[in-house]
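Here's a quick tour of a two-part protein model, written for someone who likes to know the cut-offs. Have a look at the structure first, then read on.

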Amino acid sequence: MVANYHLFWLLQLFLNNLLKNIEIPLWQMPMNNLDFIIQGSKFSITPDLLDKYNRQLPRYTSYPTAPIWTKNTESINFPLLFKEKLRATKDQNISLYIHIPFCKTRCSFCGCSSIVSNNPETMGRYVNSIIKELDFLQNRIDTKKIKINSLHWGGGTPTHLTQTQIEKIQNHILKCFGFSKQPEISIETNPDISIEMLGFLKDAGFNRISFGIQDLNETVLNACGRKFADIKKTRHLIDHARSLDYKSINIDLCYGLPNQTKTNFELTIKNIINISPDRISLFNFAYIPQTLKHQQIINPDLLPCSEDKLSFFVNAINLLSEAGYDFIGMDHFAKKEDELCLAKSKAEISRGFQGYSAKPLTHLIGVGLTSISSFPNLYVQNEKDLESYIKAVESGNPAIIKGFLLSRDDEIRRWIIQRIFCQQFIDKIEFEKIWCVNFNDYFKEIVFNELIKDNLIINSSQRFDVTLFGRLFLRNIASIFDKYLDQKSLFSKTI
Ligand code: SF4
């Protein structure tokens with residue numbers, strides 16, 4: 001009996017030591033289904049289904065997507081096409097985007113076109129180039145007939161400029177262009193902004209403001225190299241912006257960051273709900289360290305896995321819905337009385353490079369480094385290198401380096417993809433009225449069966465609908481209409 005006991009004990013010791021030295025990779029561990037509830041409906045995702053749809057795909061802020069745009073060729077001269085488009089734009093409201101790339105420091109998760117600079121001389125030269133680019137536009141646009149209905153300053157951190165620099169650009173825009181009635185004039189900032197700057201921006205004509213908060217947890221922000229702003233400071237800023245009567249206050253959050261857990265991210269969402277912004281943009285962290293080299297300092301072991309990311313997102317959808325926010329498109333939430341929500345109910349919502357908008361974005365002119373302009377059948381993008389951009393603008397030319405001229409087929413597919421992201425359905429009769437082709441005939445090559453089988457879409461003779469479950473996979477659904485989809489391009493994963 002004693003001998004048997006010793007044998008058993010030795011065997012147990014041996015097995016324990018063996019297991020201690022073997023780390024079972026996560027992908028070999030048996031995984032359970034991921035069960036969750038979205039807005040009251042129950043869903044279950046098997047590990048295979050998660051794997052099937054967790055693909056590297058574009059976000060479709062444009063179609064065709066930027067990796068397939070081309071440089072100027074002998075047959076296509078994009079600066080020339082851009083000038084022609086400006087001249088041909090008549091009786092049309094436009095959107096104007098001003099890009100300010102500068103930031104005090106770089107956050108490791110950043111996916112924007114940003115430059116770390118605290119050099120007043122560099123920023124001053126850049127401001128002068130923006131002024132020159134605005135002059136170039138003013139000379140080519142019929143400013144008596146064309147009005148701006150939405151002006152957006154993005155970055156980088158536009159509020160990293162001095163008040164004098166911001167005023168110089170803003171006054172020049174007001175001098176060069178007229179505005180439509182009730183224009184949207186918005187600016188992006190981060191929690192570093194001062195109370196005084198908030199007041200200055202309101203006086204300078206901004207009526208909407210967006211705060212890039214990302215998370216309220218100190219360990220998460222520390223792991224991203226980002227200065228921590230606690231809930232008290234954030235609330236103080238938002239309350240002050242509200243007291244200044246900004247019409248729509250947005251907060252950007254990001255899920256999938258290092259050190260995020262279901263518990264700490266849930267607390268962030270609850271705290272943000274208490275602060276009560278009008279809109280929340282909840283972005284999926286785009287982890288592409290092969291392309292964005294600064295992301296290589298992130299320790300991948302600290303990143304939540306796909307199942308966790310999906311559960312953070314679904315949990316956030318439920319918390320925000322319960323708090324009265326409407327889930328808009330892929331990743332935006334707005335209060336019922338916010339104009340984004342009203343635009344959605346009237347099927348007037350648009351989606352572009354800066355996210356969802358209540359204004360149409362058919363004619364968008366981008367000013368500044370890397371800025372994109374888009375017209376019904378043309379995209380053009382400015383220089384990505386700061387010195388090349390400044391040099392090009394100083395020579396009196398557009399700083400355009402690449403673009404894409406859309407065919408009619410591209411325009412049709414872009415319309416479809418916009419509908420998927422904005423309305424989540426396609427009325428096939430409306431489609432036929434607009435494009436003079438039958439949806440089912442036109443897309444007869446596309447196989448929808450897999451998406452139907454997996455409960456992502458319903459495809460009837462007169463409608464194409466994204467299901468509530470399919471809302472989690474809009475990029476996958478849109479990708480079936482993308483005829484250029486190239487799996488070699490490095491996009492972020494969908495989950
Ligand atoms: S502040 Fe915004 S734009 Fe600047 S580095 Fe951080 S995430 Fe990027």
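## Where the two domains meet

Let's start at the interface: between domain 1 and domain 2 the rule turns up 0 salt bridges, a salt bridge being a side-chain nitrogen of Lys or Arg within 4 Å of a carboxyl oxygen of Asp or Glu. This is a predicted model, so local features need pLDDT of at least 70 and side-chain atom pairs count only at pLDDT 80 or more, while totals for chains, interfaces and linings use all residues. Residues are numbered from 1 along each chain as its sequence is written, and side-chain values use heavy atoms, with hydrogens and water left out.

Polar contacts do show up there: 10 residue pairs, both partners at pLDDT 80 or more, make one across the interface of domain 1 and domain 2. That term means a pair of N or O atoms within 3.5 Å; within protein, one must be able to donate a hydrogen and the other to accept it, and residues adjacent in sequence count only if both atoms are side-chain atoms. On the domain 1 side, the elements giving two or more residues to the surface that touches domain 2 are β1 (34-38), α13 (408-422) and α17 (474-479). Helices (H or I, at least four residues) and strands (E, at least two) are DSSP runs, numbered from the N terminus. α13 gives the most, with 6 residues.

By class, that side of domain 1 has 10 nonpolar, 5 polar and 5 charged residues. Here Ala, Val, Leu, Ile, Met, Phe, Trp, Tyr, Cys and Pro count as nonpolar, Asp, Glu, Lys and Arg as charged, and the others, Gly among them, as polar.

As for the split itself, domain 1 covers 34-58 + 408-479 and domain 2 covers 66-405, with bounds from an automatic or database domain assignment. The contact (heavy atoms within 4.5 Å) takes 20 residues from domain 1 and 26 residues from domain 2. Together the domains bury about 2000 Å², 55% of it on carbon and sulfur atoms; buried area is the accessible area (1.4 Å probe) that two parts lose on being put together, summed over both. Arg414, Phe421 and Arg471 supply 26% of the area that domain 1 buries against domain 2, more than any other three residues.

Salt bridges do occur elsewhere, and the structure holds 18. One of them joins Arg413 and Asp409, with the closest N and O atoms 3.0 Å apart. Both lie in helix α13, 4 residues apart, about one turn of the helix.

## Ligand shell and backbone oddities

Ten-odd names aside, the shell around the ligand divides into 4 nonpolar, 4 polar and 2 charged residues. Among those with a heavy atom within 4 Å of the ligand are Cys103, Arg106 and Gly156.

Most residues other than glycine have a negative phi, and most peptide bonds are trans. These spots depart from that:

| Feature | Angle |
|---|---|
| Tyr63 to Pro64, cis | omega near -10° |
| Gly155 to Gly156, cis | omega near 20° |
| Ser276, positive phi | about 65° |

Gly156 sits in the loop between β7 (147-155) and α5 (163-176).
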